[in-house]
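Colleague: I have a structure on my screen and would like to learn how to read it. Could you take me through some features, one at a time?

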Amino acid sequence: LRTQGLASATSRLARGVAAVSGFVRNALNTTLPCGARLCDIAPARRRAEIEFHLALHPARSSALYALLHRHGYQSERGGVEPDRLHGPLTGKIRLGFAHAGRFPIVDWKTNRCPPYDAAALGAEVTKHDYDLQWLLYTLALHRWLRQQVPGYAYDTHVGEVYYLFVRGIVEGRGVHRDRPPRDLIAAMDALFDTDAEAAA
């Protein structure tokens, strides 16, 4: 906190440490809908910052958004310009882990959106396009598992996506979950450049 300039005074530092440690503790100890707690996932069964690279041709941007709309994603986005999303896309999946034969995805957000219930989290997802973000993460995970797991099948191996809004994780609140349908991810896979398929 000191090195980031967020808490120069001793009293502010103490409050900051207490707040941040509480966020981390709650995120690690909350039971996710799949039944796992992050604090219980052994290092060998988790992988952080999974880098991926995708490419989308400009002509396919409108087709991508039409596809997302048909599946109920990005519903607030209309009249998207052809160059809204195209070219090389590089990102990192914050955390993936193995649990009960599946591979869920976890990301965490520090947004302030009380009361951190389903409606508040859904509004925050829409506002910041987090659904598009986790769809790209899921596509990247799908491609990576297809390369790594013998007998891979989306329905068998891909888990849910969990977005942890760390300021509000308490008593079942603060966790947004989704599991994109296989048909959507397969269609997205066809739209993105399969020759550039890569994930580290």
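Modeller: Happy to; we will go from the overall fold to strands, a surface patch and salt bridges. Please keep in mind that this is a predicted model.

Colleague: Let us begin with the overall picture. How many helices and strands does the chain have?

Modeller: There are six helices and six strands. Read from the N terminus, their order is α-β-α-β-β-α-α-α-β-β-α-β.

Colleague: And what share of the residues is buried?

Modeller: The chain has 200 residues, and 42% of them count as buried. Its exposed area is about 10,500 Å², with 52% supplied by carbon and sulfur atoms. You can also look at contacts: among those with a separation of 6 or more, 73% are between residues 24 or more positions apart.

Colleague: Now a strand, please. Which way do the side chains of strand S5 point?

Modeller: The general idea is that side chains in a regular strand alternate between the two faces of the sheet. Strand S5, residues 175–178, shows this: His 176 and Asp 178 point to one face and are buried. Val 175 and Arg 177 point to the other face and are not buried.

Colleague: How does S5 run relative to strand S4, parallel or antiparallel?

Modeller: Antiparallel, with four bridges joining S5 to S4, which covers residues 158–165. To find your way, look for Tyr 162, which stands opposite Arg 177 in S5.

Colleague: Which sense of pairing do S3 and S4 have?

Modeller: S3 and S4 pair in the parallel sense, over six bridges. One place to look is Ile 105, whose bridge partner in S4 is Val 161. Strand S3 spans residues 103–109 and is mostly covered, with five of its seven residues buried.

Colleague: Let us turn to the surface. Which residues make the nonpolar patch?

Modeller: Leu 1, Val 17, Val 20, Val 24 and Leu 28 make a nonpolar surface patch of about 360 Å². Leu 1 lies in the segment before helix H1, which covers 10–29. Leu 1 has a relative accessible area of 34%, so it counts as partly exposed.

Colleague: Last topic: charges. How many salt bridges does the structure hold?

Modeller: Eight. The general idea is that side chains of opposite charge can pair when their charged atoms come close. One example is Asp 40 with Arg 37, at 2.9 Å from N to O. Arg 37 counts as partly exposed because its relative accessibility is 29%.

Colleague: Where in the chain are the partners Arg 94 and Glu 49?

Modeller: Their side chains meet in a salt bridge at 2.9 Å, N to O. This pair links distant parts of the chain: Arg 94 is in strand S2 (residues 87–97) and Glu 49 is in strand S1 (residues 46–56), 45 residues apart. Arg 94 is partly exposed, at 28%, and Glu 49 is partly exposed too, at 37%.

Colleague: Is Asp 189 buried or exposed?

Modeller: Asp 189 has 8% relative accessibility, so it counts as buried. Its side chain meets that of Arg 146 in a salt bridge at 2.8 Å, N to O. Here too distant parts of the chain are linked: Arg 146 belongs to helix H4 (residues 130–148) and Asp 189 to helix H6 (residues 182–191), 43 residues apart. Arg 146, at 34%, counts as partly exposed. Salt bridges with shared partners join Arg 143, Arg 146 and Asp 189 into one network.

Key. Residues numbered from 1 in each chain as written. Predicted model: local features only at pLDDT ≥ 70, side-chain atom pairs only at ≥ 80, totals over all residues. Heavy atoms only, no water. Helix = DSSP H or I, 4+ residues; strand = E, 2+ residues; numbered from the N terminus. Buried < 20%, exposed > 50% of the residue type's maximum accessible area, 1.4 Å probe, protein only. Contact = heavy atoms within 4.5 Å. Areas by Shrake-Rupley, 256 points an atom, 1.4 Å probe, with all protein chains shown as cover. Pairing = 2+ DSSP bridges. Patch = residues over 30% accessible without salt bridge, like charges linked within 9 Å, V, L, I, M, F, W, Y side chains within 5 Å. Salt bridge = Lys/Arg side-chain N within 4 Å of Asp/Glu carboxyl O.
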